[in-house]
Amino acid sequence: METLMVILVGILVSIGTYLILSKQLLRIVLGVSIVGHAVNLLIITSGGLKTGSAPLLGEKAAGFADALPQALVLTAIVINFAVTAVVLVLCYRSYQSFGTDDMEQLRGNEHE
Amino acid sequence: MNNLLIAPIILPLLTGMVLIVFQKNIMLQRILSLVALLATIVTSVLLMNQIRDGGIQTLQLGGWEAPYGISLVGDMFSALLLLATSIVSVGCLVYAFSSIGRRQEKLYFYPLFLFLITGVNGSFLTGDLFNLYVCFEVFLVASYVLITVGGAKRQLRESLKYIFTNIIASAFFLIGVAYLYSITGTLNLADLSIRISEIGQDGLITTVAILFLIVFAMKAGLLLYFWLPGSYSVPPTAIAAIFAALLTKVGIYAIFRMFTLVFYHEPQITHLFIGILAAITMILGGLGASGYSDLRKILTYNVIISVGFIMAGLVSLTPAGITGSIYYLIHDILIKAIVFLIGGTIVHLTGTSDLKNISGLIRLHPQLGWMFFIAALSMVGIPPLSGFLGKVFTTQGVFEAGYYWLGIIGLAASLLILYSMIKLFMNAFWGETILSVEEEKGTTKGLLFPIALLTVASVALGVGAEAITGYVAQAAEELLNPNLYIQAVFE
């Protein structure tokens with residue numbers, strides 16, 4: 001199961017990388033966001049999958065699942081969400097200012 | 001357990017949250033944020049003295065014992081950086097009072113500024129790797145907004161690159177966290193240090209160490225500085241100064257912490273690699289600083305050179321080298337704020353950052369000129385100014401450790417700093433005065449005081465170095481003995 005998850009993470013990272021390398025702003029945002037999701041999956045996988053019951057007192061199980069990666073991933077998702085919101089606003093604002101979402105035209109070398 | 005440790009994080013955080021409510025009341029915002037930052041200075045001085053008397057201080061948040069809870073750990077290294085951070089933030093805040101503009105002051109400038117300081121202080125104090133990531137994000141998100149304050153076209157353009165670069169670096173940070181957790185099963189820095197010394201730092205862990213090095217090098221501008229000249233030259237002066245003074249330094253702090261506490265077993269791989277990166281950084285930064293004739297570009301490339309130089313001390317792993325790095329780090333936090341504030345003031349006066357169109361400012365602004373001269377000499381390392389001790393000790397340490405090439409490149413980079421700063425000084429301040437008082441685009445009213453404040457602090461750091469020698473020596477000793485840190489956390 002872990003191997004499958006890691007392969008999935010790899011596929012997501014390659015899709016994200018492909019999108020980040022494109023020129024349109026919105027595609028880059030999506031790419032960054034997909035890489036973020038891939039990383040979240042990796043964190044969940046790092047604690048091992050399906051190794052026991054919920055980590056609560058009173059559960060009479062042989063083993064308990066590791067709760068720490070789940071706490072980490074919750075924080076990571078929230079941060080990822082906030083950052084994506086900021087980036088989307090910024091992209092919209094810069095689209096309004098420049099009238100383009102083509103990164104090629106936002107290089108900025110001509111002013112130097 | 002020492003509850004004072006949380007104060008440098010919680011003071012700016014709570015003040016910032018309160019200030020959101022008083023959005024329209026500018027006077028109240030100014031006073032409260034100044035008071036919060038002054039209180040941070042006081043707490044960091046108190047902390048420094050407690051650490052001097054009682055060793056490393058810790059706080060287990062929520063009463064959860066390490067390694068299960070989040071630990072805050074204050075050693076002398078973090079306390080010194082906290083003090084430098086809060087002094088610089090007061091300077092930049094006072095500069096912002098008369099330069100940032102009413103409109104921005106109403107658009108949450110002060111809360112964002114305080115959140116930035118919260119994140120920086122948090123990164124210095126945390127003893128948990130994931131918490132370090134969270135603190136990084138706190139100040140990064142604040143910086144994403146601060147860099148666009150004003151909303152000029154070039155700000156939007158550069159901020160997009162800055163944000164995407166940092167998001168990708170943060171993703172790598174999380175990947176590193178996940179790998180390290182699956183190898184060792186812990187994220188508490190002290191616990192990580194114990195477990196890695198037990199199982200040995202094999203190839204897998206060294207690879208993860210390099211991954212962390214890439215992440216922090218991106219934040220610190222160690223070789224991966226491609227985003228830095230663009231994004232540090234667009235925001236308003238006060239913000240550019242706080243960025244230049246603090247943000248790269250947090251990356252440097254993280255590299256120091258990780259490679260003295262956790263990944264210190266294979267210095268012939270990791271530390272040599274850092275040394276090569278530092279050497280290339282100094283060479284390229286030096287070329288950039290001496291090649292450009294744009295004031296802001298010269299200053300940003302000087303930030304890059306100093307990152308390389310501070311890293312050289314870490315590479316040596318000798319007491320002298322680490323002591324030198326700490327001196328130079330504190331000096332650099334102050335001095336970069338000063339030169340960026342002066343540079344911004346020049347642009348404010350003349351309306352251009354091209355050195356070809358600036359000349360003879362010293363006739364009308366002698367104070368500005370001489371403060372810049374002091375800062376330039378201090379950056380080069382002329383005794384008795386503050387850069388001197390850092391340069392001497394770092395160079396000594398690097399030569400002791402046998403990295404002659406690195407030491408020579410460091411000294412050559414100092415010459416390039418000298419060349420670039422004197423070029424700036426001669427072009428901007430000497431020569432024929434081409435602007436009369438009426439023709440200037442702005443005044444220096446209210447702008448000179450904060451610069452003078454920081455200059456006095458910087459000169460005091462150099463002349464009164466005797467007073468902090470004990471503190472710096474203790475910081476270096478704690479960095480070189482990871483056991484002191486581990487014992488303090490698990491006491």
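**Exercise 1. How far apart do the end C-alpha atoms of residues 6-21 of chain A lie, and what share of the span is helix and what share strand?**

Start with where you are: this is a predicted model. Now take the two ends of the span. Their C-alpha atoms sit 22 Å apart. Next, go through the secondary structure: residues 6-21 of chain A come out as 94% helix and 0% strand. Finally, check the record. UniProt, in an unreviewed entry, lists residues 6-21 of chain A under "transmembrane region", along with 28-49 and 69-92.

Try residues 69-92 of chain A in the same way. That stretch is 100% helix and 0% strand, with 34 Å between the end C-alpha atoms.

**Exercise 2. Work out what chain A and chain B share at their interface.**

Step one, count residues: 33 from chain A are in contact with 27 from chain B.

Step two, look at the area. The two chains bury about 2,700 Å² between them, and 82% of that is on carbon and sulfur atoms.

Step three, look for charge pairs and polar pairs. The rule finds 0 salt bridges across the interface of chain A and chain B. Polar contacts between the two chains come to 3 residue pairs, both residues being at pLDDT 80 or more.

Step four, ask which helices do the touching on chain A. Both α2 (25-46) and α3 (68-98) supply at least two residues each to the side that touches chain B. The largest share is from α3(A), with 15 residues.

Step five, sort that side of chain A by residue type: 22 nonpolar, 7 polar and 4 charged.

**Exercise 3. Decide whether B:T15 and B:T318 are buried or exposed, and find their neighbours.**

Take B:T15 to begin with. You'll find B:T15 in helix α1 (residues 7-21) of chain B. B:T15 counts as buried because its relative accessibility is 12%, and the cut-off for buried is under 20%. Leaving out residues up to four places away in sequence, B:T15 touches B:L32, B:S33, B:A36 and B:L114.

Now B:T318. This one is in the loop between α13 (295-316) and α14 (319-350) of chain B. With a relative accessibility of 13%, B:T318 is buried too. Skipping residues up to four places away in sequence, B:T318 touches B:G397, B:E400, B:A401 and B:L480.

**Exercise 4. Describe the domain that UniProt places on chain B.**

The unreviewed entry gives "domain: NADH:quinone oxidoreductase/Mrp antiporter transmembrane" at residues 127-416 of chain B. In the model, that span is 79% helix and 0% strand, and its end C-alpha atoms lie 38 Å apart.

How values were computed. Residues are numbered from 1 along each chain as its sequence is written. Chains are lettered from A and ligands numbered from 1 in the order in which they are written. This is a predicted model: local features need pLDDT of at least 70, side-chain atom pairs count only at pLDDT 80 or more; totals for chains, interfaces and linings use all residues. Side-chain values use heavy atoms; hydrogens and water are left out. Contact means heavy atoms within 4.5 Å. Buried area is the accessible area (1.4 Å probe) that two parts lose on being put together, summed over both. A salt bridge is a side-chain nitrogen of Lys or Arg within 4 Å of a carboxyl oxygen of Asp or Glu. A polar contact is a pair of N or O atoms within 3.5 Å; within protein, one must be able to donate a hydrogen and the other to accept it, and residues adjacent in sequence count only if both atoms are side-chain atoms. Helices (H or I, at least four residues) and strands (E, at least two) are DSSP runs, numbered from the N terminus. Ala, Val, Leu, Ile, Met, Phe, Trp, Tyr, Cys and Pro count as nonpolar, Asp, Glu, Lys and Arg as charged, and the others, Gly among them, as polar. Buried means under 20% relative accessible area, exposed over 50%, partly exposed in between (1.4 Å probe, protein chains only). UniProt positions are given in the numbering used here, feature names are shortened, and annotations may be inferred rather than shown by experiment.
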